[in-house]
Amino acid sequence: MAKQIIKIDVKAAKADIAKLKADVAAVGIFSDVRKNAFIDGLDARLGGAITRLKKIGDFKGAAGSNAFLYTHGKIAAERLLLIGLGEKQKAALDTFRQAASKAAFEAVNVKAKSLAVFLHNENAKIALEKLGQVIAEGIHFGGYRYDEFVTQQQNGRSNFLSAVVVDENMANVAKLNKGIKVGQIIGRAQNFARTLANRPANILYPAQFAAEARKVAASVPRLGCTILDEKKLARKKMGGILAVGQGSIHKPRMIILKYTPSGRKINKDAPLALVGKAITFDSGGISLKPAQDMHEMKMDMTGGAAVLMTMEVIARLKLPLEVYGIICAAENKPGGASFLPGDIITTFSGKTVEVLNTDAEGRLVLCDGLQQAKLLKCKTVIDLATLTGACIVALGTHKAGLFSNNEKLAQKLKTAAKDSGEPLWQLPYEPQYAEEIKGKIADLKNIGSKWGGACTGAAFLGEFTSGLVWAHLDIAPKMTASEPMKKYAQDGSIGFGVRLLSCFLMNEVI
Ligand code: BES
Ligand code: ZN
Ligand code: ZN
């Protein structure tokens, strides 16, 4: 690979931000807090520059806004970056995560090597440990750049960003650092999920995805990795994933990761499974997609990337849960050997499917993954997939779709969505939709009617989940950065799902 992706490190330290040498010092300001000793002190040092900015209306502290001030030696940092936090009452975990993201995003834009942040001024509601975590997650999220194939240092960015979260109280620093440790693990994992998704399909095809999974598994304790290549898939009669992958020279792989905790296990005899769609390129196959934006389909493996990197998080955090990660990797391409509209395939479960559109391929690889989870005796199963364009039509790009056969699980995922800042919106999993995908000349059809494609996609998967407590996350709406997100993170993959699943699993163990 041409170049190392930017290395980011975050820690908390006891310091006065005005005295800390840094390329950028970022401070958070609420829009409705008039008097604040810290900000007023900073303003006085800068000869009233903050007050003046507010007066001329260039910066009012609105959430998502920011302003740079050049400090001319009046404080130790070269630049002061004001980050708007919005109204104090409305501040939640994600407010601070996004603010930290914005700080790092802007810092990397000005080619900074060092960043000092003080965003948690005036905060009383949120525990410092949690704040440390989300601030670290945010710094990793905003500082990330995908440029491993840019051969010249033409953009001149530093290959590292060293960030310090400051606090003047030593006890606070200790609490912040505890959270930062967790936030760094999650933030780094999420960024690697982004890198995998951003990698083009000529580099990251199923066998390469499997190789990356092996490397990830080898880098952490107690994470096993088994890879089923096309021969093994054939021996096991995994007809869904095989059909989707048969048109490509890059043969499919099923990647099965298993995390076994060393001591206490809270889900004894009922492991949990995360199942990810990893279509390394979805051309649509014989039901070819239009050329416009087709290149984005290199990211149709986002669900698989999120599963892989969540498994890494689980292992690094040593969660006392037995978890399987099942990744269904295939390339969907037209060619002499491709599967065809009208083909009837026999899936791993034994159920037969009439393929009416080869572009509805995600469900065909996932049904084999779900069956594999059943065979491994998993009880709770969550699948992640950039499954349907229809889900984007339904929700826009702001939330991913959530479907479940279990209200309790759905509720837990909604809670995790809120705290992780990876939003979900529940859509119906109901029998009417399943009626639409019942087959005439096979058990099932792989598409429903013209309407409600996200729901019929979920219903199709639901046919393979009897006996399971199951949720399906259609993350197509979150495959890339939404418009508002582009203000604090690079466009392209956002590694959606890593924070959400990590948060869900961490909540399971407290
Ligand atoms: N990978 C796509 C869904 C997708 C579209 C994800 C845009 C992210 C952005 C999926 O495999 C697909 O092509 N689905 C079809 C299903 C249809 C043929 C029933 C779709 O959504 O059009
Ligand atoms: Zn498709
Ligand atoms: Zn697809």
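## Polar contacts to ligand 1

A polar contact here is a pair of N or O atoms within 3.5 Å. With that in hand, let's look at ligand 1 in this predicted model. A backbone N or O atom of Leu387 sits 3.4 Å from a nitrogen atom of ligand 1, and a backbone N or O atom of Thr386 is found 3.3 Å from a nitrogen atom of the ligand. On the side-chain front, an N or O atom of Asp282 is 2.9 Å from an oxygen atom of ligand 1. The protein buries 78% of the 520 Å² that ligand 1 exposes when taken alone.

## The shell around ligand 1

In total, 17 residues surround ligand 1, and the closest are Asp282, Lys289, Asp359, Glu361 and Gly389. Sorted by class, the shell contains 7 nonpolar, 4 polar and 6 charged residues.

Where do these residues come from? Strand 9 and helix 11 (389-395) each contribute at least two residues to the shell. Helix 11 has the largest share, with 3 residues.

## The zinc ion of ligand 2

Asp282 (OD), Asp359 (O), Asp359 (OD) and Glu361 (OE) coordinate the zinc ion (ligand 2), at 2.0 to 2.2 Å. If you plan to look at the geometry, note that the angles among its 6 donor atoms run from 71 to 167° and the site is irregular. Along the sequence, the donor residues of this ion show the spacing D-x76-D-x1-E. Asp282 belongs to strand 9 (residues 272-282), while Glu361 is in the loop between strand 12 (352-354) and helix 10 (362-375), so the pair ties together parts that are 79 residues apart in sequence.

How accessible are these two donors? Asp282 has a relative accessibility of 2% and therefore counts as buried. Glu361, at 1% relative accessibility, counts as buried too.

## The zinc ion of ligand 3

For the zinc ion (ligand 3), the coordinating atoms come from Lys277 (NZ), Asp282 (OD), Asp300 (OD) and Glu361 (OE), at 2.0 to 2.4 Å. This site is octahedral, with angles of 77 to 171° among its 6 donor atoms. Its donors follow the pattern K-x4-D-x17-D-x60-E along the chain.

## How the two ions connect

What links the zinc ion (ligand 3) and the zinc ion (ligand 2)? The two ions are 3.2 Å apart, and Asp282 coordinates both. Glu361 also appears among the donors of ligand 2 and among those of ligand 3. Asp282 and Glu361 are, in addition, among the residues closest to ligand 1, and the side chain of Asp282 supplies the N or O atom 2.9 Å from an oxygen atom of that ligand.

Technical notes
Residues numbered from 1 in each chain as written. Chains lettered and ligands numbered in written order. Predicted model: local features only at pLDDT ≥ 70, side-chain atom pairs only at ≥ 80, totals over all residues. Heavy atoms only, no water. Donors = N, O, S within 2.8 Å, 3.2 Å for Na, K, Ca; no water. Tetrahedral: all angles 85-135°; square planar, octahedral: opposite > 155°, others 65-115°. Helix = DSSP H or I, 4+ residues; strand = E, 2+ residues; numbered from the N terminus. Buried < 20%, exposed > 50% of the residue type's maximum accessible area, 1.4 Å probe, protein only. Near = heavy atom within 4 Å. Polar contact = N/O pair within 3.5 Å; in protein donor to acceptor, adjacent residues only side chain to side chain. Areas by Shrake-Rupley, 256 points an atom, 1.4 Å probe, with all protein chains shown as cover. Nonpolar A, V, L, I, M, F, W, Y, C, P; charged D, E, K, R; others polar.
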